[in-house]
Amino acid sequence: MNIGIIGAGHIGSALGVRLTSLGHQVYIANSRGPETLKDVAQKTGATPVTAEEAAQRGTDLIVVTIPLKNIPDLPKDLFAGVPAEVPVIDTSNYYPHLRDGKMPELETGDLTESQWVQQHLGRPVVKVFNNIYADHLENKGQPAGTPGRIALPVASDDAAAKQKVMAVVDELGFDAVDDGTLAQSWRQQPGTPSYGADMPADKLREHLASLGTERSEEQHKEYLANHAKAEKAMEDQGIKLK
């Protein structure tokens with residue numbers, strides 16, 4: 001496949017390493033230009049390009065993996081001419097304290113993170129790879145059927161795109177679990193029990209079902225509070241997010 005990755009941070013680089021190792025042609029971009037990606041290219045085997053080129057050359061799959069606050073800064077015509085059937089993956093997470101600042105729609109729960117991204121991109125997106133550590137994404141994939149294989153939730157309003165992405169998740173060495181629509185993707189956001197938990201498929205399905213499909217006000221408050229505590233702990237450890 002031809003895959004474009006917009007964002008060369010931890011998740012983008014991990015995906016670059018794994019996807020090139022599987023024989024895919026990967027084009028990777030950052031906000032500073034391809035000339036700044038020599039180290040990333042050497043590590044991943046991906047071809048450095050501009051964001052526009054990543055979108056145009058990713059004829060089978062495009063991954064947007066940049067800080068949430070930077071989504072509105074992407075070129076408005078980024079997906080001009082990109083066929084509607086090309087899935088666009090969103091890996092983003094909302095970190096209001098450490099990086100993104102407070103976003104009213106996400107604070108009130110009117111939108112999930114990926115609904116917000118989808119609105120800004122003007123394209124249907126598939127939410128995945130947001131709730132696993134980059135190191136685990138790069139190194140903990142296992143063959144199908146392996147006991148304890150890590151499962152990843154996949155959410156989208158586009159059923160066909162979701163199925164294509166779930167096949168890629170499986171190829172990368174993880175069980176893909178359907179997490180419903182983007183409105184239901186709050187179940188895999190920061191602050192929820194599945195975030196960074198590396199659950200196997202049966203436990204992840206059971207957990208998602210236990211949460212229900214409609215996010216209650218109490219659930220939203222609980223997960224925001226959990227995430228705030230996690231951000232404070234990260235800050236105390238000197239962790240900085242770009």
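1. A cavity, as the word is used here, is a set of grid points where a 1.4 Å probe fits but cannot get out, and its lining residues have an atom within 4 Å of a point. The model under review is predicted. On this definition, N131, I150, A151, L152, S194, G196, A197, D198, M199 and L204 line the second largest cavity. That cavity contains about 40 Å³ of space. Its lining comprises six nonpolar, three polar and one charged residues.

2. Two cavities of 30 Å³ or more are present in the structure. The largest cavity encloses about 150 Å³ of space. Its lining consists of 14 residues, and those nearest the centre are E113, Q189, R215, H220 and L224. Helix α10 is the leading contributor, giving four residues to this lining. Sorted by class, the lining of the largest cavity has seven nonpolar, five polar and two charged residues.

3. Turning to the pockets, the largest has a volume of about 1600 Å³. It is lined by 48 residues, of which G9, H10, P67, R99 and K242 are the closest to its centre. Four helices each supply at least two residues of this lining: α1 (10-21), α2 (38-44), α3 (51-57) and α10 (217-236). In terms of residue class, the lining of the largest pocket divides into 21 nonpolar, 19 polar and eight charged residues.

4. For the second largest pocket, the volume is about 210 Å³. The residues lining this pocket number 16, and the closest to its centre are G109, A183, W186, E214 and R215. The largest share of the lining again involves α10, which provides three residues. The class division for the second largest pocket is three nonpolar, eight polar and five charged residues.

5. Two elements recur in these descriptions and merit attention when the sites are inspected together. R215 is among the residues closest to the centre of the second largest pocket, and R215 is also listed among those nearest the centre of the largest cavity. Helix α10 supplies at least two residues of the lining of the largest pocket, gives three residues to the second largest pocket, and contributes four residues to the largest cavity.

6. A final point concerns the charged residues in the linings. The largest pocket has eight and the second largest pocket has five. In the cavities, two charged residues line the largest and one lines the second largest. Among the residues lining the second largest cavity is D198.

Definitions and conventions:
Residues are numbered from 1 along each chain as its sequence is written. This is a predicted model: local features need pLDDT of at least 70, side-chain atom pairs count only at pLDDT 80 or more; totals for chains, interfaces and linings use all residues. Side-chain values use heavy atoms; hydrogens and water are left out. On a 1 Å grid over the protein atoms alone, a cavity is a set of points where a 1.4 Å probe fits but cannot get out, and a pocket is an open set with protein on both sides within 12 Å along at least five of seven lines; lining residues have an atom within 4 Å of a point. Grid points are joined across faces, edges and corners, and a volume is the space filled by probe spheres set on the points. Ala, Val, Leu, Ile, Met, Phe, Trp, Tyr, Cys and Pro count as nonpolar, Asp, Glu, Lys and Arg as charged, and the others, Gly among them, as polar.
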